[in-house]
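Q: Please take a close look at one strand of this model and its surroundings in the sheet. A connected account in formal terms would be welcome.

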Amino acid sequence: MPVITNVYDLKRLHKMRTPKMFYDYCESGSWTEQTFRENVTDFDKIRLRQRIAVDMTGRSTASKMIGQDVAMPVALAPVGLTGMQRADGEIKAAKAAAKFGVPFTLSTMSICSIEDVAEHTDKPFWFQVYTLKDDDFMRRLIARATDAKCSALVITVDLQIMGQRHKDLKNGLSAPPKLTPKSIANMMTKAQWGLEMLGTKRRFFGNIVGHAKGVTNPSSLSAWTAEAFDQSLDWNRIAELRRMWDGPVILKGILDAEDAKQAANIGADAIVVSNHGGRQLDGALSSIRMLPEIMDAVGDKIEVHLDSGIRSGQDVLKALALGAKGTYIGRAFVHGLGAMGEAGVTKALEVIQKEMDTTMALCGRRTVDQVDRDMVLVPEDFAGRWA
Ligand SMILES: Cc1cc2nc3c(=O)[nH]c(=O)nc-3n(C[C@H](O)[C@H](O)[C@H](O)COP(=O)(O)O)c2cc1C
């Protein structure tokens, strides 16, 4: 059993143990990957203020996101094709999150269906929807999430069209993977992955195949996906979607103060400051850089969360110190899953919690409530001077 001390250890194992097509799908940004890289490197520019001689006994990372208790304010972000990183990946990740006490968000583009995840977990999870053209399908999807007792709806608003990730095109990404001499040769080096995959029936997009009109088999799915996203999306439609869900709604993919104000106006319960992990608009600024401006605009009106670039508990604390009430991890938990299945997701969460706890102690903070702007040192030009 390798010694895992940080998320990058899990990332190395993920790369070794998962077919290239799926590892690359995770570890990519759009086009030049500038935004993908800066999401991570911008966190490094923020430093922490060491404090001493503060009683640090009785520390806790517990907090709340949208009024729900969390063991730490770190949810698992919706990640499509999680069930291709490891067999039954969504169920494994949801179980790890439930045991740990953090929210799991199931993607529309998951392999395990909403019903399947609900059946195999005993705590409510959050469900993420894309804004799709097919109103009937949308309504049924939301009704299925209600029936599964999902405790929040996350509406992703930054994917009216898809950013291009070069590696996916070059690898011929698909679920299940297309069998070519190259992909077979690569999969043969991933024995554990292959054995587990052979042992599951969950290899297709579980929320879509058999549910969306005209999609009865995986080969008709790619045509559906290209057509499905609603390019005519506007704020009226987002408000309509908000009204379809009788519970907390989180709008994910806000990167601009004006958009954040609109989100508050339509009655969303929270927003996620996010650039989709650098997978959509390459050249956009990192989420952490945009956070202070968005906090100034709506911090007193709506709960603000952040994702994109979080790889450690220190990153979580930096986001909290700049005003976020919660955060999400995408790749950090997928690395855990690809490395070691459910135990790997638990490991990723443990690593992050330990990093949070030790950092809080060394900064003289005992509770998440005490994490404030004073805990970090931010370069004066962090936001940048852009015209
Ligand atoms: C492989 C992968 C698949 C993703 N699929 C979805 C998705 O289906 N729906 C969604 O809203 N966001 C999706 N995202 C974006 C994540 O929810 C999240 O915004 C992003 O991963 C955060 O950045 P991080 O990976 O640096 O933590 C995906 C991200 C990755 C890495």
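A: Both faces of β6 are covered: Trp126, Gln128 and Tyr130 on one side, and Phe127 and Val129 on the other, are all buried. A residue is called buried if 20 or more other C-beta atoms lie within 10 Å of its own, exposed if 12 or fewer do, and partly exposed in between, with C-beta atoms placed from the backbone. Five of the five residues of β6 are thus buried. This is a predicted model, in which local features need pLDDT of at least 70 and side-chain atom pairs count only at pLDDT 80 or more, while totals for chains, interfaces and linings use all residues. Residues are numbered from 1 along each chain as its sequence is written.

Strands (E, at least two residues) and helices (H or I, at least four) are DSSP runs numbered from the N terminus. Eight strands form an open sheet with parallel pairing, in the order β4-β11-β10-β9-β8-β7-β6-β5. Its edge strands, each paired on one side only, are β4 (74–76) and β5 (105–106). Two strands pair if DSSP finds at least two bridges between them.

On one side, β6 (residues 126–130) pairs with β5 in the parallel sense over two bridges. Threonine 105 has tryptophan 126 as its bridge partner in β6, and leucine 106 has phenylalanine 127. β6 also pairs in the parallel sense with β7 (residues 152–156), over five bridges. Here phenylalanine 127 stands opposite leucine 153.

The connections on either side of β6 run through helices. From β5 the chain crosses through helix α6 (residues 114–120) to β6, and this β-α-β crossover is right-handed; that is, with the strands pointing away from the viewer, the path from the first strand over the helix to the second runs clockwise. β6, helix α7 (residues 135–147) and β7 likewise make a right-handed β-α-β unit.

Beyond the strand, an unreviewed UniProt entry places the feature "binding site" at Tyr25, Arg165, His276 and Arg279. These positions span 255 residues in sequence, yet no two of their C-alpha atoms are more than 13.3 Å apart, so they gather at one spot. UniProt positions follow the numbering used here, feature names are shortened, and annotations may be inferred rather than shown by experiment. Tyrosine 25 is found in helix α2 (residues 20–26) and is buried, with 23 other C-beta atoms within 10 Å. Arginine 279 is found in the loop between β9 and α14 (287–298).
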